[in-house]
Structure formats: structure tokens, C-alpha cells
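This report is meant for a reader who is meeting the structure for the first time. It takes up charged pairs, a charged patch on the surface, and the cysteines.

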Amino acid sequence: MLHTVGDLLSVDLTAQRTETESIDDVLESFIGGRGVATRLAHDRIPFDAEPLGPENRLYFTTGPMQASNMSFTGRTNCTAVSPLTDGLLSSNAGGFLSRNLAATGYGAVEFRGESDELVAVHVSDDGVEFEPVPELAGAEVPETVAALTQRPDLDVDNTAVIGPAGENEVRFACIMTSETRAFGRGGLGAVLGAKNVKAVTFDGDAAPDLDVPDMQMEVHREAATSDHIMKRQGTTSVTEYANEIEALPTRYFSELSFEGAGDIGGDAVEAKKFEKGTCSACAFACKLPTRDEETGIETEGPEYETVMAFGSNAGVDDVVDVMRSNEQCDRFGLDTISTGDVVSAYLAAEDEFGNVDLIEDLVAKIAHREDEGDLLAEGIDRIHDELGVANWSVKGMEFPAHDGRTLNGQGLGYATATRGADHMFAVFYSYEYPLVDEDAAVDRQGLDGKPELLVRQENQRALEDCGIICRFSRDFLTHDRLEELFGRPITALLAVGAEVIALERHFNNQRGVDRADDRLPYDLPGFEDALDEYYEIRGWRADGTVPDEPIVAGE
């Protein structure tokens, strides 16, 4: 089976020293990316580690596809115990970091302990440098990147940084790379902040030479010549359709459609797009560099989830205002989904939907933990009672768009995901819109037959995260192509994905997560029976726990 190569580099931030060790057995079993990081984290992080304590460890990993130049492979994985969900969580980001990480020659990079002073950690094939950066305390993301790129060997695409939100341990702070791309969900920026790490850079000339099957030009050609609407509008292309079928959360989830959707959706965003944007080696170019000439606001996005979180859910119907919120979050290092939802919860509590001045003020206060922002920085699960609003989260994670009250299979997926309310864990909504072949589409309502499809979807998404391959490759990297790329039957590859999910779940079980946490803030007909079926397919106990037998990836 094709897999990434290289030793584990373990960076001890407390002692400012490093160690390397072979992890060949892990790489051979788990391919790379999320799988390798999950196996390492499961075995090396204490089950009772505090997310913001020194015993938590954070991993950066790439996969074997980052040794190619194929479209849909410009992504990097990051894994740690989440301060938002209190469970093991992986997030991946696009942009241009992945090849620079691969060029260090390491199979995985681990950060443990915590530094006594604010540092930037420079990782290269020549070793690791710890650079004190007290002058960057409180700096926003662009200022931090500008300081790092004063070094002659670094540019924006070598960097992974946190903004003030990470330093202030906001539970949904991001790690930002290429300045505007985010390891977005779950608060991994706060993990770096707690370790007193302002930035990590990766550089080198030791990229692995892997024998990746040569189909990259074929995939490039198809990606480049596709007339997919996402190449013009990104994920915002689904806004009007989701609104039409009542799957667009509105005014803090109190409604399912928004009268202003056309003013913040795909056409409105496309009208502000001023150039193409892409990730490393990708010809699909689905990113959204946008600019408003009148106000001077320039950002990358917003994507559909941000349109929901800072648009319909906040009662805002001006795309420029949504762009402003997107740009703020990127500067401060905040997840746009969780931030927008938390802000919307506050707007609901204060009856202030649509107040864009208040929204702008709240985002800044969250990042700096000032006044009411200090409360909101804890996330909805921890503060909903104090605000007097419903708890719109699963396992502590705020909801994205693609509302499960309409898309019932996606709703089940929010409940079962180890990360909580996360649309990318299974991407089940693609079968219920449908965004796949109409012959493969399923009825949006009901859960009959959906647990089996959900398990398959989750397993394939986990496989992609081991590769690492972008979610938007689904129309291009068929099962036949995946088998050719990785050199194993698709059943064996999906078994790797299943083992990754079992490891995540087993780790979280040890922290108290079980069936009681697989819950939604609304009722779905047949939910309990579907949950039973899901556990049975996975081979888990009826209480949602994973048996303690050794967990080893499929051959």
C-alpha cells in the first residue's frame, strides 16, 4: 500500500530540544495524514490530558499524495485534543503548506510540552530552531506572516500561525496557513497558543521520492476543463438551492430559510470575485478571492458555511458585511462557523439580528476575550444557559449549514461524527441535495437505509484525509483510481478509514464520550433505531463505545 515515509520528529517545547524515531509500522498501516496522526495521538497523548495543558500533543502530517503534483492534493493535516469538543480531533487546511512540510523529510511532526516564552518554531531538513518572538505577542495574522517572511528562506506558504484568538485560548481559534487558509474547526489554534507557540514554519529539500502512479495529468486535465460551478462560486453555489428546500439555518437556527439568501449567495459572491484562487498543484481553482471596491474590503471567501454563520444565521443580507466578518476572522485566527454561530446566539439573546456594527465589535471582543467576548469565546455548549438560548452544538462543536432537520441523513452524521457537528466528516448532504449522480441520490427525509451509507461515507472521508486528498475530488478520484493510486482494493482502503474512526472514537470513549453524546437538539424519526444500526455496522457496543481489542488498520 502506498504510504508516506519519514521519521517522527518530536519537538519538546519545554526543554527546547528534539528527538526523532522511526514510525514505519504506523505509516505502513495508516498511509499518512489523519490516520498516522490519529494513531500517534491515541498512543502518545494521555487519555486524561487537558486540551490546553502541556500533556496535549499537536501533530502536523502530510500524506503520500503530497509527493505528487496531482490536483486536489494541496492539503495538510493537524491533530490534537480539541479545547472545544474535549476529544481527539483532526483538521486539514488547503493552501501551499503541504509541500513545504513534506520537504522537511519527516513523516510526522509532534509538538509537546509548552514554551516559557512566545516562540516561532522553524522546522527544516537541517533541524529545528526556536526563535523567541515577544514582539509578536497579540499580533494579527498578516502582521505575524509579514514578520516571519523577513527571513530570506521563508515566504507566506511556509507558515502556520495563530492570531490573538489563539494566544487568548479562544476555544475555536484556528491555525492559519498561507495567511487565509485555516485549520478551522475545533480550536487547534488555542492548543498552539497554550503551548506559547505563535508560529511554525516548514522548509527543506528532502521531499520523499515516492512511486505514485502517474495519472496526475489525466486528473489535471479533467479538473482544468470541468465547467463545475464551484470553479466560479466555490461552495456558495449551493446557497440558493439549500434555501429553496429549507436547509439553510436562519436567525440562530429558529428558521430554515432566509429571505435575503440571494443577496449573500453564489451570484453575490461571484460578483465580488476579482481573480482565481487555488491550492498547491490544483487545476480546479475553486477558491474565492473577493474584493469590494467601495469599502476596500478584500478577503478570500466567504464560503457557504460563512455565508450561513455570518449571513442567514445572523440575519445579515449584505454580502459585503459577510465578507467583512470573514476577513476579521482570518486576521484574528478564528473559525468562521463557530464564531458566526456564537455571535448569532448573542444576537438571539439580545434581539439584535442584522446589527452589523455589533457583529464586528463582537468578533474583535471574542478574539481578545474582552467584555462579553470572554464569555462567547467559550463556545455555545458552555454558555447557552447563561445566554438563555438553545444549545446548538454536538459534542461541543457548533453547527454548520446543511440543516439536518431537512437533510435527515446529514443530521444523523452530525450526531455520529467524532468531531461533533461537522459537515465534512461524512459529506452526507451531497446525497440529499443531491450533488452526486441523481441515480445515487437518496430521499432527504427519513433514516431508512442511511446508516450503512453513512458508515461508507465516513470511511471514505477518513481515507481521503490519510491520502491527503481534497473533498472536492469526489467527481474525479473514483474507486478505481483510488485503488490504482494506493495499490490496494477499495475494501481494504475503506477498512483503513474505519480503523481511523475507531481510534478516534476509542480515545474519546476514554474521556467519557458514549451514546449519550451522539445527540441532536431536534428529533428525527427513527433516530434511535438508526443509531443502533450504525453501531452494529461499526462493530461497536450499543452504548456507543469501541471494544478494547487492539485496533489495527486493514491490510
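A residue is called exposed when its relative accessible area is over 50%, buried when that area is under 20%, and partly exposed in between. The model discussed here is a predicted one. Under these cut-offs Glu 293 counts as exposed, because its relative accessibility is 63%.

**Salt bridges**

Side chains of opposite charge can pair when their charged atoms come close. In this model the count comes to 46 salt bridges, and three of the pairs are set out below.

| Positive residue | Negative residue | Closest N and O atoms |
|---|---|---|
| Arg 251 | Glu 259 | 2.4 Å |
| Arg 291 | Glu 293 | 3.6 Å |
| Lys 365 | Asp 371 | 3.7 Å |

The partners can be described by their accessibility as well. Arg 291, the partner of Glu 293, counts as partly exposed at 29% relative accessibility. Lys 365 is buried, with a relative accessible area of 15%, whereas Asp 371, with which Lys 365 forms its salt bridge, counts as exposed at 59%. Salt bridges that share partners also join Asp 12, Glu 19, Glu 21, Arg 44, Arg 57, Glu 110 and Arg 112 into one network.

One member of that network, Glu 110, lies in strand 6, which covers residues 108-112. Is Glu 110 buried or exposed? Glu 110 counts as buried, because its relative accessibility is 0%. In sequence Glu 110 and Leu 58 are 52 residues apart, yet in space their C-alpha atoms are 5.7 Å apart.

**A negative patch**

On the surface, Asp 448, Glu 452, Asp 529, Glu 533 and Glu 536 gather in a patch of negative charge. Which helix gives the largest share of the negative patch? That share, 3 residues, comes from helix 23, which spans residues 527-538. Asp 529 lies in helix 23, and Asp 529 is exposed, with a relative accessible area of 58%.

**Cysteines**

A disulfide is a covalent bond between the sulfur atoms of two cysteines. The count in this model comes to 0 disulfides. Cys 329 is in no disulfide, since the nearest cysteine sulfur, that of Cys 174, is 7.8 Å away and the cut-off for a disulfide is 2.5 Å. For Cys 466, which is likewise in no disulfide, the nearest cysteine sulfur is that of Cys 78, 15 Å away. Cys 329 counts as buried at 0% relative accessibility, and Cys 466 counts as buried at 0%.

Key:
Residues numbered from 1 in each chain as written. Predicted model: local features only at pLDDT ≥ 70, side-chain atom pairs only at ≥ 80, totals over all residues. Heavy atoms only, no water. Patch = residues over 30% accessible without salt bridge, like charges linked within 9 Å, V, L, I, M, F, W, Y side chains within 5 Å. Areas by Shrake-Rupley, 256 points an atom, 1.4 Å probe, with all protein chains shown as cover. Salt bridge = Lys/Arg side-chain N within 4 Å of Asp/Glu carboxyl O. Lys, Arg positive; Asp, Glu negative; His and termini not counted. Charge placed at Lys NZ, Arg CZ, Asp CG, Glu CD. Helix = DSSP H or I, 4+ residues; strand = E, 2+ residues; numbered from the N terminus. Buried < 20%, exposed > 50% of the residue type's maximum accessible area, 1.4 Å probe, protein only.
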